[in-house]
Amino acid sequence: MPKKPIFTSPQEAEAAFYEALERGDLDAMMAVWSEDEEIVCVHPGGPRLAGYALVREGWRHIFEGGRRLKVQLLALTTLHSPFTAVHSVIEQVAVVGEKHLAAPVVATNVYVRGALGWRMIVHHASPVPPSSIGDAPQVLH
């Protein structure tokens with residue numbers, strides 16, 4: 001089994017996450033994730049996947065289609081502490097070779113720092129209407 005990389009910052013882990021996503025590289029994707037059974041991943045419109053095996057299977061299913069993606073991060077908001085980081089991003093996803101863009105996706109990525117560096121523990125992504133990007137809600141509940 002190849003040795004997992006040590007990510008020295010949440011930004012480094014996040015860059016590796018999006019690189020693996022664009023390459024469709026399952027091993028590189030799972031190298032970003034913690035091997036803890038408490039990890040959670042929600043793909044746009046998909047169910048909650050909890051635990052390493054289910055998260056890996058979810059990514060395997062996405063990557064087996066063979067479509068290459070290009071992801072542009074449009075906005076980033078971060079909250080950091082010494083051992084956790086929460087990144088909220090807007091992802092503009094395109095399929096390589098296609099002219100149209102998919103609806104933007106709002107994602108929350110959560111990272112924790114442990115003995116082996118920073119690892120992702122949560123990726124929650126949801127599609128949003130393109131017209132809502134940049135608009136503040138009129139009513140807060």
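These entries record what I looked up on the sheet, the helices across it and the largest pocket.

**Entry 1, the sheet.** I worked from a predicted model. I traced the strand order and found an open sheet of 6 strands, running β2-β1-β6-β5-β4-β3, with mixed pairing. I then looked at the edges: β2 (48-50) and β3 (69-80) each have a single partner strand, so each has one side without a neighbour in the sheet. For the twist, I noted that neighbouring strands are turned against each other by 25° on average, direction ignored.

**Entry 2, one strand pair.** I followed the pairing of β4 with β5 (residues 105-114), which is antiparallel and extends over 8 bridges. Within this pair I looked up I90 and found V106 of β5 as its bridge partner.

**Entry 3, the helices.** I checked which strands α1 lies across and listed β3, β4, β5 and β6. The angle of α1 to β3 is about 160°. I did likewise for α3, which lies across β1 (40-42), β2 and β6. The angle of α3 to β2 is about 130°.

**Entry 4, the largest pocket.** I recorded a volume of about 600 Å³ for the largest pocket. The lining comprises 25 residues, and those closest to the centre are P44, I62, R67, L69 and V93. I sorted the lining residues by character and obtained 15 nonpolar, 5 polar and 5 charged. I also asked which elements each supply at least two residues of this lining. They are the helices α1 (10-23) and α3 (52-63) and the strands β4 (84-95) and β6 (117-127).

How values were computed: Residues are numbered from 1 along each chain as its sequence is written. This is a predicted model: local features need pLDDT of at least 70, side-chain atom pairs count only at pLDDT 80 or more; totals for chains, interfaces and linings use all residues. Side-chain values use heavy atoms; hydrogens and water are left out. On a 1 Å grid over the protein atoms alone, a cavity is a set of points where a 1.4 Å probe fits but cannot get out, and a pocket is an open set with protein on both sides within 12 Å along at least five of seven lines; lining residues have an atom within 4 Å of a point. Grid points are joined across faces, edges and corners, and a volume is the space filled by probe spheres set on the points. Helices (H or I, at least four residues) and strands (E, at least two) are DSSP runs, numbered from the N terminus. Ala, Val, Leu, Ile, Met, Phe, Trp, Tyr, Cys and Pro count as nonpolar, Asp, Glu, Lys and Arg as charged, and the others, Gly among them, as polar. Two strands pair if DSSP finds at least two bridges between them. Axes are lines fitted to C-alpha atoms, for helices over the stretch in contact, and angles run from 0 to 180 degrees between N-to-C directions. Contact means heavy atoms within 4.5 Å.
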